[in-house]
Structures are given as C-alpha cells and as structure tokens.
Amino acid sequence: MIIDSAFPSKYLRAADIGEGQSVSVVMSDVKIESITESGNPEDKPVLYFEGKQKGLVLNKTNAATIAVAFGNETDGWTGRSIELFGSTTPFSGRIVPCIRVRAQAQAQAATEPISVPVAPVAPVAPHKPLDESQIPF
C-alpha cells in the first residue's frame, strides 16, 4: 500500500504527480478558499482544471510562473494549457517534494536538448508524461 493513499486530500499533493513525472492540464478556474495549515486557516488561491476533481493550492512561485505566461488576471487563464510536474524544493531546512508548473511552450523547451558551444553541459533529464489513465486526480 502507498501510505499517502491512506490520507486522501481535497487538493493536489506532490505524491499525486510523482518526482520526474508530468501531466498536461487545461486550467478552468481559480477560487479563493480557506486552507488550514498547522491549525491556522488562511485564504489562498486554488487552481482547478477541466475534467479533474482536485485543485492545486497556488503558492507564489507557481502563481507567478502562470502569470508570466498568461497575465496577472486569472480570468485570462481559463482554457489555457499548463504542465504540472513533480520536483523538490527547500522547506524548513529540508528538501521536500513539490508540484511546479510551466506553460506548454516552456514544457516543450525543457525536453529539447540544450547545446552550449563553450563548455559541455550534462543533458537535462526529460520529464516522463503520464497518460490519461495514470492521472490520479
């Protein structure tokens, strides 16, 4: 048994995507919802997707990434495609799993080989897209 399955969540978690995995989604709506973390409720934006049950609680990094691609007005995000991918981030002195976002054009560029004429660079490992049947939300 995957232990995370014993603790279901209304919102997407890094375990839902998996490190090194990615999924393309179409944004449908952003709603402000009361999210309780460490016993303290706080209003945060939650991004929802067409045909999916769970939303992604937006942090500043992911919100800013989407805003750069599609503008600051969240109404303009509706119908736009992004890619969600599993990654890691520093948090409270530890490296923890997280979900990151990128616009489709950024996603394609991330999987193309990078050529550097001056010095060799190790290739970036491409994210393995999940097919529709593997999307857990």
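Reader: Which side chain does Arg-100 join through a polar contact of 3.3 Å?

Author: In this predicted model, Arg-100 has its place in strand E5. Residues touched by Arg-100, leaving aside those up to four places away in sequence, include Asn-59, Asn-62, Glu-83 and Ser-87. The side chain that shares the polar contact of 3.3 Å with Arg-100 is that of Thr-89.

Reader: How far from Arg-100 is the nearest side chain of opposite charge, and which residue carries it?

Author: Arg-100 is buried yet has no salt bridge. A salt bridge would require a side-chain nitrogen of Lys or Arg within 4 Å of a carboxyl oxygen of Asp or Glu. The nearest side chain of opposite charge is 11 Å away and belongs to Glu-19.

Reader: Why do the buried residues of helix H2 lie on the same side of H2?

Author: Helix H2 comprises residues 60-70, and its buried residues are Asn-62, Ile-66, Ala-67 and Phe-70. They lie on the same side of H2 because the arc they cover around the axis is only 135 degrees.

Reader: Which residues are exposed on the other side of H2?

Author: The buried side of H2 holds Asn-62, Ile-66, Ala-67 and Phe-70, and what covers these buried residues includes strands E1, E2, E3, E4 and E5. On the other side of the helix, the exposed residues are Lys-60 and Val-68.

Reader: Which residue caps the N-terminal end of H2, and at what distance from the backbone nitrogen of Thr-61?

Author: Helix H2 spans residues 60-70, and a residue outside that span provides the cap. The capping residue, Asn-59, places a side-chain oxygen from the backbone nitrogen of Thr-61 at a distance of 3.2 Å.

Reader: Which residue follows H2, and near what value is its phi?

Author: Helix H2 ends at residue 70, and Gly-71 comes after the helix. The phi of Gly-71 is positive, near 100 degrees.

Reader: Is Ser-92 buried or exposed, and what is its relative accessible area?

Author: Ser-92 lies in the loop between E4 and E5. Although Ser-92 is not a glycine, its phi is positive, at about 50 degrees. Exposed residues have over 50% relative accessible area; Ser-92 is exposed, with a value of 63%.

Reader: What pattern does the protein follow when read along the sequence?

Author: The secondary structure comes to 3 helices and 6 strands. Of the contacts with a separation of 6 or more, 50% are between residues 24 or more positions apart. Along the sequence, the pattern is α-β-β-β-α-β-β-α-β.

Notes
Residues numbered from 1 in each chain as written. Predicted model: local features only at pLDDT ≥ 70, side-chain atom pairs only at ≥ 80, totals over all residues. Heavy atoms only, no water. Buried < 20%, exposed > 50% of the residue type's maximum accessible area, 1.4 Å probe, protein only. Helix = DSSP H or I, 4+ residues; strand = E, 2+ residues; numbered from the N terminus. Arc of directions from axis to C-beta. Contact = heavy atoms within 4.5 Å. Polar contact = N/O pair within 3.5 Å; in protein donor to acceptor, adjacent residues only side chain to side chain. Lys, Arg positive; Asp, Glu negative; His and termini not counted.
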